[in-house]
Amino acid sequence: RAPSSGFTHTIVAAGAAQILYVTDMVGETEVVAWRPDVPGITEVFHAHFVRHAYPLHTHTVWTLLIVDEGLIRFDLERHPHDTPPAQVMLLPPHIPHDGQTVMPQGFRKRVIYLAEDALDAELIGATVDQPNLADPLLRDRIGRLHDALASPGDSFEAQSRLALIMERVGRHLRRTIGEAAPIPDRGLADQLHDLLDERVTT
């Protein structure tokens, strides 16, 4: 579905029943979200927040987030973290977290909400331990996925990019728990990404 600023998103308030979360926040006008026709993605969310602070809550889905401007400060399972533009934030389902701006200009973020089964539940603990991934190549690939998701008719490209991104994310998390070899700077998946990039630019 095409991007729209009129949408709602269901989250779960920590220690409470489900509520309907409406993103028409007072004073926050740059909020766009849509539900693309891409298996595994439940919603895409782009926003520029200056004053808004998220209360402690949980999601029923995985949250894959990049920051384009500013800095996000958040607590995950009551441990503090900062996410700058150079890193990728991954938040697991069912784990309490909040979020707030740090700089006067706020922060600009792009988020992909992934189905709960997009990653194995056994990786939730590794994500809590390391919610920020310092991987410039992964960061770039996620940005390109957002571009594909914002372009009508690019569902196949988006699915291909998502599958390769999730493979790389999974390797990061499995390395954290000692189940995977170190991630190479470039591998077969990255070569496939290059082919996708060539397809887009030619």
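Trainee: Are Phe45 and Phe49 buried or exposed?

Mentor: The model is a predicted one. A residue counts as buried when its relative accessible area is under 20%. In this model Phe45 falls in that class, and Phe49 does too. The word asked for, for Phe45 and for Phe49, is buried.

Trainee: How many aromatic pairs are there, and what is the angle between the planes of Phe45 and Phe49?

Mentor: The count of aromatic pairs comes to 3. Among them is the pair of Phe45 and Phe49, whose ring centres lie 6.3 Å from each other. Planes under 30 degrees apart would count as stacked and those over 60 as edge-to-face. This pair is classed as tilted, and the angle between its planes is 55°.

Trainee: Which residues form one aromatic cluster with Phe45 and Phe49?

Mentor: A pair of aromatic rings is described by the distance of the centres and the angle of the planes. Here the cluster contains Phe45 and Phe49. Its other members are Tyr54 and Phe107.

Trainee: How many salt bridges are there, and how far apart are the closest N and O atoms of Arg139 and Asp68?

Mentor: Side chains of opposite charge can pair when their charged atoms come close. The count of salt bridges in the model is 12. One of them links Arg139 with Asp68, and the closest N and O atoms of that pair are apart by 3.1 Å.

Trainee: How many residues apart in sequence are the parts that Arg139 and Asp68 tie together?

Mentor: Arg139 belongs to helix 2 (residues 136-149), while Asp68 belongs to strand 6 (residues 62-69). With a relative accessibility of 15%, Arg139 is buried, whereas Asp68, at 27%, is partly exposed. Because Arg139 sits in the helix and Asp68 in the strand, their salt bridge joins parts whose separation in sequence is 71 residues.

Trainee: Which residues are joined into one network with Arg139 and Asp68 by salt bridges that share partners?

Mentor: Arg110 makes a salt bridge with Asp147, with the closest N and O atoms 3.9 Å apart. Arg110 is in strand 11 (residues 107-114) and Asp147 in helix 2, so this pair connects parts 37 residues apart in sequence. Arg110 is buried at a relative accessible area of 17%, and Asp147 is partly exposed at 46%. Through shared partners, the network that holds Asp68 and Arg139 also includes Arg110 and Asp147.

Trainee: Which residue meets Asp82 in a salt bridge?

Mentor: Asp82 is partly exposed, with a relative accessibility of 31%. Its partner is partly exposed as well, at 35%. The N to O distance in this salt bridge is 2.8 Å, and the partner of Asp82 is Arg73.

Trainee: How many of the residues of helix 2 are buried?

Mentor: Helix 2 has 14 residues and spans 20 Å from first C-alpha to last, close to the expected 20 Å. Its buried residues include Leu137, Leu138, Ile142 and Leu145. Helix 2 is mostly covered, and the number of its 14 residues that are buried is 10.

Trainee: At roughly what angle do the axes of helix 2 and helix 3 cross?

Mentor: Helix 3 (residues 155-176) has 22 residues and reaches 31 Å between its first and last C-alpha, close to the 32 Å expected. The crossing of helix 2 and helix 3 is left-handed. The two axes come within 9 Å, and the angle at which they cross is roughly 155°. Helix 2 is therefore, in relation to helix 3, roughly antiparallel.

Trainee: Which residue with a positive phi follows helix 3?

Mentor: Most residues other than glycine have a negative phi, and most peptide bonds are trans. The residue asked about is a glycine with a phi near 80°. The residue that follows helix 3 is Gly178.

Trainee: What is the approximate phi of His94, which is not a glycine?

Mentor: His94 lies in the loop between strand 9 (88-91) and strand 10 (97-101). At 42% relative accessibility, His94 is partly exposed. Its phi is positive, at about 70°.

Trainee: How far apart in space are Val38 and Gln159, C-alpha to C-alpha?

Mentor: Val38 is in the loop between strand 3 (30-34) and strand 4 (41-49). With a relative accessibility of 5%, Val38 is buried. Val38 and Gln159 are 121 residues apart in sequence, and their C-alpha separation in space is 6.2 Å.

Note on methods. Residues numbered from 1 in each chain as written. Heavy atoms only, no water. Phe/Tyr/Trp six-rings, centres within 6.5 Å; stacked < 30°, edge-to-face > 60°. Buried < 20%, exposed > 50% of the residue type's maximum accessible area, 1.4 Å probe, protein only. Salt bridge = Lys/Arg side-chain N within 4 Å of Asp/Glu carboxyl O. Helix = DSSP H or I, 4+ residues; strand = E, 2+ residues; numbered from the N terminus. Expected span 1.5 Å × (residues − 1). Axes fitted to C-alpha atoms, helices over the stretch in contact; angles between N-to-C directions. Parallel < 35°, antiparallel > 145°, perpendicular 65-115°, else oblique. Left-handed = near helix turned anticlockwise from the far one by under 90°.
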